[in-house]
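Subject: Structure handover

Hi,

Here is the structure I said I would pass on to you. Please open it next to this message, and I will take you through what turned up.

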Amino acid sequence: MKKILFAASECVPFVKTGGLADVVGSLPQAFDKSEYDIRVIIPNYHAIKPEYREKMECIYYFQMDNRIYVGVHRLEMNGITYYFIDNEQYFSGVVPYYDLYQDLERFAYFSKAVLSALPLIGFRPDIIHCHDWQTSLIPVYLNTVFQGDPFFRGIRTVFTIHNIRFKGEWDVGHIRWVSALPDEVFEPGLLVSPYQDRSIPKPDWNCTMMRGGLVYSDYITTVSNSYAGEIQTPEFGEGLQDILKWRQERLWGIINGIDYNIWNPQTDKNIEAGYTVRTRKSGRKKNKIALQKELGMKENPDVLTLAVVSRLTDQKGLDIIDRCMDRLCGMNINLIVLGTGDPYYENMFRYYQGKYPDKVKAIIAYSDPLAHKIYAGADAILVPSAFEPCGLTQLIALRYGMIPIVHEIGGLKDTVKPFNEYEDKGTGFTFHDYSGDALLDRINHAYWVYNERKDLWDHMQKRGMEEDWSWKKSAEIYKDLYSRM
């Protein structure tokens with residue numbers, strides 16, 4: 001039996017701020033439990049709901065480096081064993097992340113605590129699968145500080161980049177202090193760029209935790225094939241393109257999936273009426289009317305209803321939505337926005353709701369039940385991201401018969417097939433140039449098809465719903481990767 005440990009900063013259903021939690025929570029469930037013993041380890045945040053915290057069992061506690069407390073709690077659920085690293089100094093807050101300066105220390109502690117706990121809890125993984133910068137020091141510690149212990153020899157590591165923009169970057173002085181790693185790892189080409197200006201004092205050199213994961217891991221993965229290529233370029237590599245280009249033969253792009261038990265329009269308890277591919281017309285019509293009614297909008301099943309379900313940040317292409325909003329609202333459409341984020345974009349959508357109260361509805365909040373209702377009731381989803389490693393929004397939309405309108409970038413390019421009206425092919429509308437005009441052009445095309453060619457729109461819906469974006473295919477690729485290791 002292959003033994004795999006997933007190490008991450010978040011995991012559903014315990015704590016979630018983004019798609020990372022969905023991956024860490026869902027991917028282990030896709031493996032055959034008779035062949036794979038996959039366990040998950042995350043921090044024991046105070047923010048984890050009491051319903052889970054009350055079921056945890058404290059299985060061990062000790063002093064790391066003879067001075068820092070580490071507690072290990074365990075919870076078994078749905079056939080998966082979850083471990084939680086407990087330390088009130090670092091994880092007692094009401095949110096999982098603070099400012100980067102503090103988070104660097106917290107996750108350096110977490111990375112070292114994960115390895116320190118393994119000999120004590122009776123689980124020696126063949127592979128540790130590390131997710132994003134918060135766990136990027138695990139491969140560094142494993143190949144340096146812990147190599148003197150025979151227990152750790154032969155443990156392999158995979159490091160997955162979910163979003164390279166967040167990379168755990170500060171100066172050498174601070175990261176050396178919080179990590180207590182040996183001086184050798186802070187040389188140019190390791191945790192420091194090989195192009196570092198050496199005239200600057202070494203403590204002030206720019207240091208990146210994620211670089212450690214990229215250098216010291218046996219394999220690197222990221223969440224789509226296109227993104228794997230993009231991050232090897234200066235435009236998207238965030239200063240790490242040199243190491244990614246160098247290690248490209250060990251870099252795999254594996255598309256994310258979604259949990260088809262949670263995202264299932266036939267059994268979804270959050271929506272007005274369940275439906276299948278065969279009953280999508282009547283089912284989606286009922287859900288559209290119910291959604292309009294709940295949001296206080298005019299009940300009209302025939303109006304093209306667009307939606308944005310997203311974190312409201314500059315990554316998500318909201319600036320180009322802004323550039324075409326007035327022209328967009330001149331059309332016979334509705335726009336529903338659900339999300340929170342940058343106050344600038346929150347206020348932007350509040351402004352347009354005030355300016356076009358009959359067309360725009362802005363719900364500046366996080367609401368999972370309402371998100372389900374939007375996927376089941378709105379006609380098309382806007383995902384014009386400036387960059388998008390994978391994206392789950394468009395996958396959920398396809399599952400529910402919603403038509404994606406997306407920028408051809410990263411995972412969006414890999415998952416949404418461009419509509420071709422002459423051959424009646426494709427699952428959504430895509431645009432290449434990152435501009436408000438390009439986005440509006442695709443919305444205009446969608447508007448025409450929706451109103452003038454219902455047959456083509458219906459065929460597109462059917463093709464999208466029949467695609468399989470569950471974790472099944474992705475898990476097979478991960479199995480291949482693990483076997484190679």
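Strands E4 and E5 run antiparallel and are joined by seven bridges. Within that pairing, His73 has Phe84 of E5 as its bridge partner. The two strands make a hairpin with two residues between them, and Asn78 in the turn has a positive phi of about 55 degrees. Before you read further, please keep in mind that this is a predicted model.

On the other side of this story are E3 and E4, which are also antiparallel, with seven bridges joining them. Here Gln63 finds its bridge partner in Tyr69 of E4. E3 and E4 form a hairpin too, this time with three residues between the strands, and Asp65 in the turn shows a positive phi of about 55 degrees. Asn66 sits in the loop between E3 and E4, and although Asn66 is not a glycine, its phi is positive at about 65 degrees. As background, most residues other than glycine have a negative phi, and most peptide bonds are trans.

Where do these hairpins belong? They are part of an open sheet of nine strands with mixed pairing, in the order E3-E4-E5-E2-E1-E6-E7-E10-E11. Strand E3 (57-64) and strand E11 (251-253) are the edge strands, each pairing on one side only. Neighbouring strands in this sheet are turned against each other by 25 degrees on average, direction ignored.

Further along the sheet, strand E1 (residues 2-7) pairs with strand E6 (residues 127-131) in the parallel sense over four bridges. If you want a spot to click on, Ala7 stands opposite Cys130 in E6. Helix H4 packs on this sheet, where it touches E1, strand E2 (36-43), E3, strand E4 (68-77), strand E5 (80-86) and E6. The direction of H4 makes about 110 degrees with that of E3.

One more backbone detail is worth a look: Val12 and Pro13 are joined by a cis peptide bond, with omega about 5 degrees. Pro13 lies in the loop between E1 and helix H1 (19-26).

H4 also has a helix partner. Which helix does H4 (residues 100-121) cross at roughly 35 degrees? The partner is H6 (residues 172-179), and the two axes come within 8 Å. The crossing of H4 and H6 is right-handed. From H4, the contact is made by Tyr101, Leu104, Glu105 and Ala108, while H6 brings His174, Ile175, Trp177, Val178 and Ser179. By class, the contact of H4 with H6 has six nonpolar, two polar and one charged residues.

Now for a second sheet. Six strands form an open sheet with parallel pairing, in the order E14-E13-E12-E15-E16-E17. Strand E14 (360-363) and strand E17 (429-431) are at the edges with a single partner strand each, so one side of each is left without a neighbour in the sheet. The twist from one strand to the next averages 15 degrees. Strand E13 (residues 333-338) and E14 run parallel and are joined by four bridges. Leu335 has Val360 in E14 as its bridge partner.

Two helices to look at on this sheet are H11 and H17. Helix H11 (residues 318-328) packs on the sheet and touches strand E12 (304-309), E13, E14, strand E15 (380-383) and E17; the direction of H11 makes about 155 degrees with that of E12. H17 packs on the sheet as well, touching E12, E15, strand E16 (403-407) and E17, and its direction makes about 85 degrees with that of E16.

H17 comes up again in the second largest pocket, which holds about 330 Å³ of space. How many residues line the second largest pocket? There are 14, of which Lys281, Asp379, Tyr450, Lys454 and Gln461 lie nearest its centre. Helix H10 (280-294) and helix H17 (454-466) each supply at least two residues of this lining. H10 gives the most, with five residues. Sorted by class, the lining of the second largest pocket has nine charged, three nonpolar and two polar residues.

Happy to go through any of this with you on screen.

Best wishes

Definitions and conventions. Residues numbered from 1 in each chain as written. Predicted model: local features only at pLDDT ≥ 70, side-chain atom pairs only at ≥ 80, totals over all residues. Heavy atoms only, no water. Axes fitted to C-alpha atoms, helices over the stretch in contact; angles between N-to-C directions. Left-handed = near helix turned anticlockwise from the far one by under 90°. Contact = heavy atoms within 4.5 Å. Nonpolar A, V, L, I, M, F, W, Y, C, P; charged D, E, K, R; others polar. 1 Å grid on protein atoms, 1.4 Å probe; cavity = no way out; pocket = protein on both sides within 12 Å on 5 of 7 lines; lining within 4 Å. Points joined across faces, edges and corners; volume = space filled by probe spheres on them. Pairing = 2+ DSSP bridges.
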